[in-house]
There are 4 protein chains.
Amino acid sequence: MGNTIGKIFRVTTFGESHGMGIGVVIDGCPPNLSLNLEKISYELMRRRPGQSKLTTQRKEMESFQILSGWFEEKTTGTPLTFWIENQDAKSKDYEHLKTAYRPSHADFTYHQKYKNYDYRGGGRSSARETAARVIAGAVAKQILDLYNIQIFAWVSQVGKIHCNKSFENIDFTLIEENSVRCPEPEVAKLMEEEILKVKKNGDTVGGVISAVILNVPVGLGEPVFDRLSADLAKAMLSINATKGFEYGSGFRCAEMHGSEHNDIFYQKNNQIFTKTNHSGGIQGGISNGMPIEFRVAFKPVATILKKQESIDFDGNQVIIEGRGRHDPCVVPRAVPIVEAMAAITILDHLFRFKAISVKK
Amino acid sequence: MGNTIGKIFRVTTFGESHGMGIGVVIDGCPPNLSLNLEKISYELMRRRPGQSKLTTQRKEMESFQILSGWFEEKTTGTPLTFWIENQDAKSKDYEHLKTAYRPSHADFTYHQKYKNYDYRGGGRSSARETAARVIAGAVAKQILDLYNIQIFAWVSQVGKIHCNKSFENIDFTLIEENSVRCPEPEVAKLMEEEILKVKKNGDTVGGVISAVILNVPVGLGEPVFDRLSADLAKAMLSINATKGFEYGSGFRCAEMHGSEHNDIFYQKNNQIFTKTNHSGGIQGGISNGMPIEFRVAFKPVATILKKQESIDFDGNQVIIEGRGRHDPCVVPRAVPIVEAMAAITILDHLFRFKAISVKK
Amino acid sequence: MGNTIGKIFRVTTFGESHGMGIGVVIDGCPPNLSLNLEKISYELMRRRPGQSKLTTQRKEMESFQILSGWFEEKTTGTPLTFWIENQDAKSKDYEHLKTAYRPSHADFTYHQKYKNYDYRGGGRSSARETAARVIAGAVAKQILDLYNIQIFAWVSQVGKIHCNKSFENIDFTLIEENSVRCPEPEVAKLMEEEILKVKKNGDTVGGVISAVILNVPVGLGEPVFDRLSADLAKAMLSINATKGFEYGSGFRCAEMHGSEHNDIFYQKNNQIFTKTNHSGGIQGGISNGMPIEFRVAFKPVATILKKQESIDFDGNQVIIEGRGRHDPCVVPRAVPIVEAMAAITILDHLFRFKAISVKK
Amino acid sequence: MGNTIGKIFRVTTFGESHGMGIGVVIDGCPPNLSLNLEKISYELMRRRPGQSKLTTQRKEMESFQILSGWFEEKTTGTPLTFWIENQDAKSKDYEHLKTAYRPSHADFTYHQKYKNYDYRGGGRSSARETAARVIAGAVAKQILDLYNIQIFAWVSQVGKIHCNKSFENIDFTLIEENSVRCPEPEVAKLMEEEILKVKKNGDTVGGVISAVILNVPVGLGEPVFDRLSADLAKAMLSINATKGFEYGSGFRCAEMHGSEHNDIFYQKNNQIFTKTNHSGGIQGGISNGMPIEFRVAFKPVATILKKQESIDFDGNQVIIEGRGRHDPCVVPRAVPIVEAMAAITILDHLFRFKAISVKK
């Protein structure tokens, strides 16, 4: 269960990391949109392993097929389905793990929940599933483009190295200029060095992705359960390896006083702005027209190339050692996934908003 | 839209802060449960304003009625509806705000979204709506009791004052012993002093609530969108004034290496545990049987008793000054709300789990 | 479970026939609508028992309260909740049935499903619940009015007496002119006589309600599961005592040839029509702009004032005899319920349609 | 929208008749089920065109692939996806229809709704989509088998020829013995003759399918909107070409008196039965343990091989003439589709029932 997200723009993913492939059905995509397929490929390429020394060397060649909902280079308005066939799934790398649980990996919970276990790889808990989300997000982004809504994410922390620039001072074109996807070149370099060092030790390291959504109209989100902030939190925490979400002032707010935290309104050119944006673009669960800013924490990848104690399926103590191709740090590749989930969430709320705006 | 949460244990709230009252419909509550109504009252009392000098002096006398789903002191299995009539709604306090937006309050977004505005109070964006959630949570808690699942939340930060005790070292009975709901008495005292100081200045301060869920069986949650962590994040971020959610190691994970972050499995008495719990009881979105630990950040209350710049409905600059009865710090009263939303989320996932466990 | 209908215009009912009252929460109602409350009362009055000798003499005085979502005589856009307090619930009439199952009544299934039993009356299976639907339908109707969409239902069969007039030949103002709600006065008279005769015998009789929905734009409904026809069927079969649904040619289509059944298109004044309407306004699950025509079969009321064999809760054979106030024929009072469920269904589909109509 | 059915056992179909293929994602399928794939093939074969002279000669070779959710010959508990590639899609047959609407076909509504038109075939409104449902139904059937629940459907009417046998007198093994799927051989023969006669005239004819579901436990279904009868009605009316649904006494109930319609309870071997089954196994929306009996009306296929008036996309009057391979009567092939939709509906309700049955 739970493989669908969204109420109107509904995204359902299917497929396993070492099965036949990964797919996504988008129900609620408007008809007659001339999607740019190259932009979808581009997003997939950004998520793909093997982009640099910093990411796993698995070759996921993400050439996708459109299985349905597409005719004469346009969406038909019926379920839009994409399919990526799995290739180069070196299942041998994992075989030695057939009967032992990897610490902090989903092996154990997956096995206990389903009482079965695909020893070839993580099944649905593998990050490979996120390729399907990236496609759906790339579709959502193109629809959001029609409303001038734009989403940017970047790596703002790797281990103890921080990029603290606020988005206003960021040149978004720099994000893709380095393998770590940090828009501050000198910080990016430090991050890359950190990741390579960690990798050399057979270890992994965590990080943080920051994101901003621009030009969201006032009024998206609902005041109670389906707050825009709540739905973004869910979307982000549904990404593998995430441990935290905060928007606007985030956890820092706990130390602040109302008199410093409050965002003062002012009007300019007949539009209302706030002087600060501790609210992160969302007040009372509803977008206020300011940029939506949030941050997502990612843990260090669980698979390390070091010996670790663990237990086998029978509870016996064993020593395991990760092999195979794994990222020493997940955040560079997670940037397009964060953008994708943000796009899906915002578009769904945009459609909800349109649904009940009634003429009188 | 968006006033319902849960897929099987479905909670729908209705009502406004200064309307007739606040209600909640629970659809998916099993029949024949002898709910202890006093426990529900107790939870409401914990959420209620006016409990101490630290909280607003509004008198919300939370005597509720059961409108449906209850017969001969048991649930019937049909929609269980509770209703709390509003009393003592001193709308005069708010009247001066009739045409000005309060900074960082939901006034503005609410007004822009709905093009109407209940100047008497926050409508659905008021924290008063959470009374309905507390009731639903109190019901959920009693059902979870049947499965021995227990939930505890407490205040772990107010401004710059922290309570860093891990839950194992906490005596949960101390939580209710002080007005700030911090289980470390000496820290609680500092927090109380801080809040009173802030209050005296007409200001407010933020905080953090920590929580733990004990005895959750292995296997709740889904590996993709409906991760237990994602649904908890959504539930928490759907609470008023929240700015961030993290579980297990949370944002600290970003600084950590895999070799230190990984939780090593071991077996004892035929049950599997982990030596550390950076995973916060959830791996790959699915509960692993360890305690579920999370933290929620709350911003300082937006309404301060100080002069602030703002704009009126026509965009003119004005000076406003909060009056009325508002909490200088929201976290003490938010403790039962966090517990309630956790209970609703866990119970819904428990029911999902039961739904598809098929005999063969 | 299952107390909510609709995806965007979501209607949740609660309450039991002999409990405190009956309520309905409408989530997804647009803001700022000046609903005419008298029209809502009027619809409730139409559904109310005791309107004539033909209907039960229970006095359900349907004065409702609006519990939420209503401010300064307009909808606020938040959950719109109505509440009707139960009065005059003569539970004594039912008390003798405390331990016996009434044949063809929901007693047995209800008892077996929930393992509890409100001997005072039918609980949620009582037709009293439909008062809540009629309110939601009356709201939906007023929104549909803004789109010029109109719904009319009438009694077209009671026992063996038929009113075969097609809607084009019906003067809708005549529907309310007689107690049986048949727009053909001479047939209405025969129906009334039939019902009185049946009543005199302590018996009951079934019937059929026909309905037409005018001015539905082309394009509502989806081609696969959420066909407009499928959702209308569900809505109608969710009404108590219904046994069948058909639209357009209905079951008669089984005897027909394609060459006679096909509706020939033609154009007039730049609009497309069909010469016949065997399709009942819906082709391939999607409205085609022609009037939507359907029929719903209602069984004879199960409670008869005659001795019947049955069994008690322990399975012993008993003789029971209905007492109390029951309709000899349910169709006259079911007319506004059919209209209400149609209105809810059409409005929800209208909102779905609007949700994804994207500017480019 | 609207391409998913079910709340726990959720079935989503995708794909078009003349696109790449047809697929189905089943979310909510329990893990570790050794599905018999040959039984799935068998059901597809039953639905397939070209089985006899009575059905269209299109060759849909339904060899399916399992794209996900299947490992070592068992379900994994994650989304179970099937894919049938389209073959032999002779789109030339349809090409002449490129700019004209076929009477009573979904062409017109589809075109108006989506503003695009796949002239190669019916897109999502084609009966080809039902192959995906038949697969999901075949999966559901195998799970229902574990609970001993069985579903049988058969053709009970073609044109004016009826098979009135009640299911107790039917030898279900005879259903597949003739090409019309009527279990009464002599009636089957008449039906076959009728269909061939109609076919010879280039015409088509309607029909009725009857079905029975055996061994459904007491208590499935909900008393209000999600009545089992309502959900069956929706499921059936979601099938192409359907015009009506009735269960138990159906439309005949309108003529009946309560005293003859009521089903008298009796007990035998500690189980409760009713002497008659006008209720069709469902009372108050909830299964009563008796066989669930229902009937579905199918219109004559809209595509006839005769000249018909119509209009083109510009509204000009034209004469069109169907070519290609179309069924003269849809009911024989619709039998497995009716069974599939019934299986999906019953299983979903079974899972709902299990979800909230709480230990105490």
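In this predicted model, the side chain of Y110(A) is buried, its relative accessible area being 6%. Y114(A) is likewise classed as buried, with a relative accessibility of 3%, because each of these values falls under the 20% limit for burial. Both tyrosines belong to helix α3 of chain A, which spans residues 107-114; a separation of 4 residues, or about one turn of the helix, lies between Y110(A) and Y114(A). A search of the whole structure returns 56 aromatic pairs over all chains. Among them is the pair formed by Y110(A) and Y114(A), whose geometry is edge-to-face, with 5.0 Å from centre to centre and an angle of 65 degrees between the planes.

A further edge-to-face pair occurs in chain D, where the ring centres of F9(D) and F351(D) are 6.4 Å apart and the ring planes make an angle of 70 degrees. This pair connects distant parts of the chain, the two residues being 342 residues apart. F9(D) is located in the loop between β1 (4-5) and β2 (10-15) of chain D, whereas F351(D) is part of helix α8 (residues 331-355) of chain D. Both F9(D) and F351(D) are buried.

Aromatic residues also associate across chains. One aromatic cluster comprises F14(A) and W83(A) together with F14(D) and W83(D). Lysine side chains are found over aromatic rings as well. K243(A) is placed over the face of Y247(B), 4.1 Å from the ring centre. In chain D, the charged end of K113(D) is positioned over the ring of Y114(D), at 5.7 Å from its centre.

The strand β2(D) is largely enclosed by the rest of the structure, because 5 of its 6 residues are buried. Antiparallel pairing over 2 bridges connects β1(D) with β2(D), and T4(D) stands opposite T12(D) of β2(D). The two strands constitute a hairpin with 4 residues between them. In the turn of this hairpin, G6(D) adopts a positive phi of about 100 degrees. On pairing with strand β3 (residues 21-27) of chain D, β2(D) again runs antiparallel, here through 6 bridges. T13(D) has V24(D) of β3(D) as its bridge partner. A hairpin is also formed by β2(D) and β3(D), with 5 residues between them.

In chain B, an open sheet of 5 strands was identified, with antiparallel pairing and the order β1-β2-β3-β7-β4. Its edges are occupied by β1 (4-5) and β4 (64-68) of chain B; each has a single partner strand, so one side of each is left without a neighbour in the sheet. The antiparallel pairing of β1(B) with strand β2 (residues 10-15) of chain B extends over 2 bridges, and I5(B) has V11(B) in β2(B) as its bridge partner. Helix α4 (residues 130-145) of chain B packs on this sheet, where it touches β2, β3 (21-27), β4 and β7 (80-85) of chain B. The direction of helix α4 makes about 35 degrees with that of β3(B).

The relation between chains C and D was also examined. A turn of 180 degrees with a shift of 0.0 Å along the axis lays chain C on chain D with an RMSD of 0.0 Å. This is the relation of a two-fold axis. Both copies use the same surface, as 100% of the contact residues of chain C recur in chain D.

Methods
Residues numbered from 1 in each chain as written. Chains lettered and ligands numbered in written order. Predicted model: local features only at pLDDT ≥ 70, side-chain atom pairs only at ≥ 80, totals over all residues. Heavy atoms only, no water. Phe/Tyr/Trp six-rings, centres within 6.5 Å; stacked < 30°, edge-to-face > 60°. Buried < 20%, exposed > 50% of the residue type's maximum accessible area, 1.4 Å probe, protein only. Lys NZ or Arg CZ within 6 Å of the ring centre and 35° of its normal. Pairing = 2+ DSSP bridges. Contact = heavy atoms within 4.5 Å. Axes fitted to C-alpha atoms, helices over the stretch in contact; angles between N-to-C directions. Least-squares fit on C-alpha atoms with pLDDT ≥ 70 in both.
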